[in-house]
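User: I'd like a close look at one part of this model, the spot where the nonpolar side chains come together. Could you walk me through what sits there and then work outward to the rest?

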Amino acid sequence: MTEPLLTVSDLTISTDARTLVHPLSFAIAPGERVGLIGESGSGKSLTSSAVMGLLPSELSAQGEVTLAGESGNLLSRSEKSLARLRGSRMSMVFQEPMSALNPLMRVGDQVAEVMRLHRRATGETATKRAIELLDQVHLPDPAAAAKAYPHQLSGGQRQRIMLAIALANSPDLLICDEPTTALDVTVQAAVLDLIDEQ
């Protein structure tokens with residue numbers, strides 16, 4: 001039997017005053033797609049953030065989160081240890097790309113930065129690969145898009161850039177937090193098709 005890629009056991013997320021996510025357990029096998037379904041405010045985004053080690057400081061997570069090939073509970077890892085995993089072994093596509101992208105950096109540099117940090121790719125190699133990734137997520141004229149700032153692109157294009165960043169280092173685990181929010185139906189379908197290709 002194949003070892004699960006991700007195992008979440010009895011995950012609870014709370015503030016000092018109340019529990020926001022009650023004990024939750026699930027496992028994801030390599031290559032498997034799993035959807036968390038619930039109404040707004042039910043804790044889907046909090047669960048994703050807890051797995052990535054990105055919960056706000058006023059929240060705490062208990063339970064166990066393990067990633068195949070990594071020893072120990074991710075919930076007890078240091079920020080430095082989690083930063084090594086984020087963008088390399090696990091990545092996340094956030095639901096609002098405008099708040100996740102750096103407005104002061106060209107998008108090509110933001111895609112390349114992930115490869116420089118985790119793969120120690122040189123400037124020229126990372127830039128070339130960034131353009132290839134922008135092409136892979138079907139951005140028209142990827143070389144021109146790489147030189148643009150986030151505000152110069154549409155919502156659908158920014159979401160594709162977030163996907164390119166998340167895929168830059170071929171992560172084992174890709175978490176998508178409502179990646180089609182605020183996109184029109186046609187663009188939603190295109191983004192979901194892109195995720196399905198990966």
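Analyst: Let's start at Leu 134. Not counting neighbours within four places in sequence, Leu 134 is in contact with Val 111, Leu 139, Pro 142, Ala 145, Ala 146, Ile 161 and Ala 164. Keep in mind that this is a predicted model.

Leu 134 belongs to the largest nonpolar core, which has 28 residues. Along with Val 111, Met 115, Ile 161 and Leu 163, Leu 134 is one of those with the most contacts inside that core. At least two residues of this core come from each of helix 4 (107–119), helix 5 (123–136), helix 6 (142–146), helix 7 and helix 8. Helix 7 gives the most, with seven residues. As background, nonpolar side chains in soluble globular proteins tend to be buried together.

Now for how helix 7 sits against helix 8. Helix 7 covers residues 155–167 and helix 8 covers residues 185–197; they pack at an angle of about 10°, with axes 10 Å apart. Angles under 35 degrees count as roughly parallel, so that is what helix 7 and helix 8 are to each other. On the helix 7 side, the contact uses Gly 156, Gln 159, Arg 160 and Leu 163, and these meet Val 187, Ala 190, Val 191, Leu 194 and Ile 195 of helix 8. By type, the residues of this contact are six nonpolar, two polar and one charged.

What about the other parts? Apart from the 28-residue core lies another core, of 23 residues, including Phe 26, Leu 55, Leu 67 and Leu 85.

Leu 85 also turns up beside a charged residue: Glu 70 touches Leu 85, as well as Arg 77, Arg 84 and Arg 89, leaving out residues up to four places away in sequence. You'll find Glu 70 in the loop between strand 3 (60–67) and helix 2 (79–85). Its relative accessibility is 16%, so Glu 70 counts as buried. The side chains of Glu 70 and Arg 89 are joined by a polar contact of 3.2 Å.

Last stop, helix 1 (residues 44–52). Seven of its nine residues are buried, so helix 1 is largely enclosed by the rest of the structure. Those buried residues are Lys 44, Thr 47, Ser 48, Ser 49, Ala 50, Val 51 and Met 52. Their cover includes strand 1 (6–14), strand 2 (19–28), strand 3, strand 4 (90–93) and strand 5 (173–176). Just after helix 1 comes Gly 53, with a positive phi of about 75°.

Methods. Residues numbered from 1 in each chain as written. Predicted model: local features only at pLDDT ≥ 70, side-chain atom pairs only at ≥ 80, totals over all residues. Heavy atoms only, no water. Axes fitted to C-alpha atoms, helices over the stretch in contact; angles between N-to-C directions. Helix = DSSP H or I, 4+ residues; strand = E, 2+ residues; numbered from the N terminus. Parallel < 35°, antiparallel > 145°, perpendicular 65-115°, else oblique. Contact = heavy atoms within 4.5 Å. Nonpolar A, V, L, I, M, F, W, Y, C, P; charged D, E, K, R; others polar. Buried < 20%, exposed > 50% of the residue type's maximum accessible area, 1.4 Å probe, protein only. Polar contact = N/O pair within 3.5 Å; in protein donor to acceptor, adjacent residues only side chain to side chain. Core = buried A, V, L, I, M, F, W, Y, C linked by side-chain atoms within 4.5 Å.
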